[in-house]
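Ready for a few exercises on reading a structure? Keep the sequence and the model open beside you, and try each task before looking at its solution.

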Amino acid sequence: MKRIISFLGLPGSGKGTQAALVTKKLGIPSYSIGQVLRDVDDPVVKKYIEAGLIVPDNVVNKVVEDLMKSLDNACLLDGYPRSMSQAKFLHDAPNIDVLPIYFKLDEEELLDRISSRIQCSECDSIYNDDILDEGDFSCQNCGAKEYYRRKDDNKEILAVRIEQFKTNTVPVLDFYESKNLLHTLDAKLSIGALKKDIVQIIEEFIP
Ligand SMILES: [Zn+2]
């Protein structure tokens with residue numbers, strides 16, 4: 001039996017940060033599906049990525065299937081399944097147990113978070129742009145003093161992502177909820193508090 005921990009939620013809800021923490025703490029490999037698709041050596045996938053198009057579900061499912069074949073027992077998927085057809089594919093796959101964890105965050109909170117997010121130019125550490133008001137702020141991780149805003153951090157793109165999430169992914173949440181599988185987290189909690197909850201949920205899932 002292979003065990004898949006699935007992180008679901010909008011960009012900016014903290015999934016990527018927590019995935020890295022889980023890998024460090026529990027040694028479970030984690031994969032961001034967006035990154036896997038960008039890295040995969042497949043001409044069909046490349047065609048979509050290079051054209052800036054959404055990769056169709058059947059193609060994504062095939063990539064995930066190949067990924068799972070290469071794994072031993074457990075892994076964490078950040079951003080999959082993102083639609084009902086992906087969720088059904090995963091649900092019907094033989095010998096796979098899924099633990100879906102939803103990072104719940106209000107739209108307003110998210111817009112606030114994303115539009116005020118800046119990153120260190122040297123090490124990509126994430127800060128709120130409040131720090132710029134303090135004047136001479138050095139990155140707590142590396143000491144650099146230059147920051148940038150990610151291009152996709154603008155509100156219009158986020159609004160599109162929110163709509164896509166409502167249309168495609170909310171039915172996935174309902175599906176898992178109806179099967180009593182869904183764990184919903186309050187993504188407003190601190191990074192440390194979220195990590196503690198997530199580790200506990202995963203440790204119950206993986207004996
Ligand atoms: Zn830095």
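**Exercise 1. Find how strand β1 (residues 2-8) is joined to β3, and in which sense the two run.**

Step 1. Five bridges join β1 to β3, and the two strands run parallel. Two strands count as paired if DSSP finds at least two bridges between them. Helices (H or I, at least four residues) and strands (E, at least two) are DSSP runs, numbered from the N terminus.

Step 2. For a register point, look at I4, which stands opposite C75 in β3.

Step 3. Now turn to strand β2 (residues 30-32), which pairs with β3 in the parallel sense over three bridges. Here S32 stands opposite D78 in β3.

A note on the model: it is predicted, so local features need pLDDT of at least 70 and side-chain atom pairs count only at pLDDT 80 or more, while totals for chains, interfaces and linings use all residues. Residues are numbered from 1 along each chain as its sequence is written, and side-chain values use heavy atoms, with hydrogens and water left out.

**Exercise 2. Why is strand β3 (residues 74-78) described as largely enclosed?**

Step 1. Start with the cut-offs: buried means under 20% relative accessible area, exposed over 50%, and partly exposed in between (1.4 Å probe, protein chains only).

Step 2. Five of the five residues of β3 are buried, so the strand is largely enclosed by the rest of the structure.

Step 3. Sort the residues by face. In a regular strand the side chains alternate between the two faces of the sheet. In β3, A74, L76 and D78 lie on one side and C75 and L77 on the other, and all are buried, leaving both faces covered.

**Exercise 3. Which atoms hold the zinc ion, and what is their arrangement?**

Step 1. List the protein donors: C120 (SG), C123 (SG), C139 (SG) and C142 (SG), lying 2.3 Å from the zinc ion. Donors are N, O and S atoms within 2.8 Å of the metal (3.2 Å for Na, K and Ca); water is not among the atoms, so sites may look incomplete.

Step 2. Check the angles. The four donor atoms subtend 102 to 115° around the zinc ion, which makes the arrangement tetrahedral; four donors earn that word if all angles lie between 85 and 135 degrees.

Step 3. Read the spacing along the sequence, which is C-x2-C-x15-C-x2-C. C123 and C142 link distant parts of the chain, 19 residues apart: C123 is in the loop between β5 (117-120) and β6 (126-128), and C142 is in the loop between β6 and β7 (147-148).

Step 4. Ask about accessibility. C123 counts as partly exposed because its relative accessibility is 26%, and C142 is also partly exposed, at 39%.

**Exercise 4. In what order do the three strands of the open sheet lie?**

Step 1. The order is β6-β5-β7, with antiparallel pairing.

Step 2. Find the edges. β6 and β7 each have a single partner strand, so one side of each is left without a neighbour in the sheet.

Step 3. Follow one pairing: β5 and β7 are antiparallel over two bridges, and C120 stands opposite Y147 in β7.

Step 4. Add a residue of strand β5, namely Q119. Q119 counts as buried because its relative accessibility is 7%. Leaving aside neighbours within four places in sequence, Q119 is in contact (heavy atoms within 4.5 Å) with residues including D124, E146 and Y147.

Step 5. Compare D124, in the loop between β5 and β6. D124 counts as partly exposed, at 41% relative accessibility, and touches Q119 and Y148, not counting residues up to four places away in sequence.

**Exercise 5. How are the rings of Y127 and F137 placed?**

Step 1. Rings of Phe, Tyr and Trp (its six-membered ring) pair if their centres lie within 6.5 Å; planes under 30 degrees apart count as stacked, over 60 as edge-to-face and the rest as tilted. By this rule there are six aromatic pairs.

Step 2. Y127 and F137 are one edge-to-face pair, 5.4 Å centre to centre with 75° between the planes. The pair links distant parts of the chain, 10 residues apart, with Y127 in strand β6 and F137 in the loop between β6 and β7.

Step 3. Both Y127 and F137 are buried, and ring pairs link Y127, F137 and Y147 into a cluster.

Technical notes
Four donors count as tetrahedral if all angles lie between 85 and 135 degrees; four count as square planar and six as octahedral if opposite donors are over 155 degrees apart and all others between 65 and 115; anything else is irregular.
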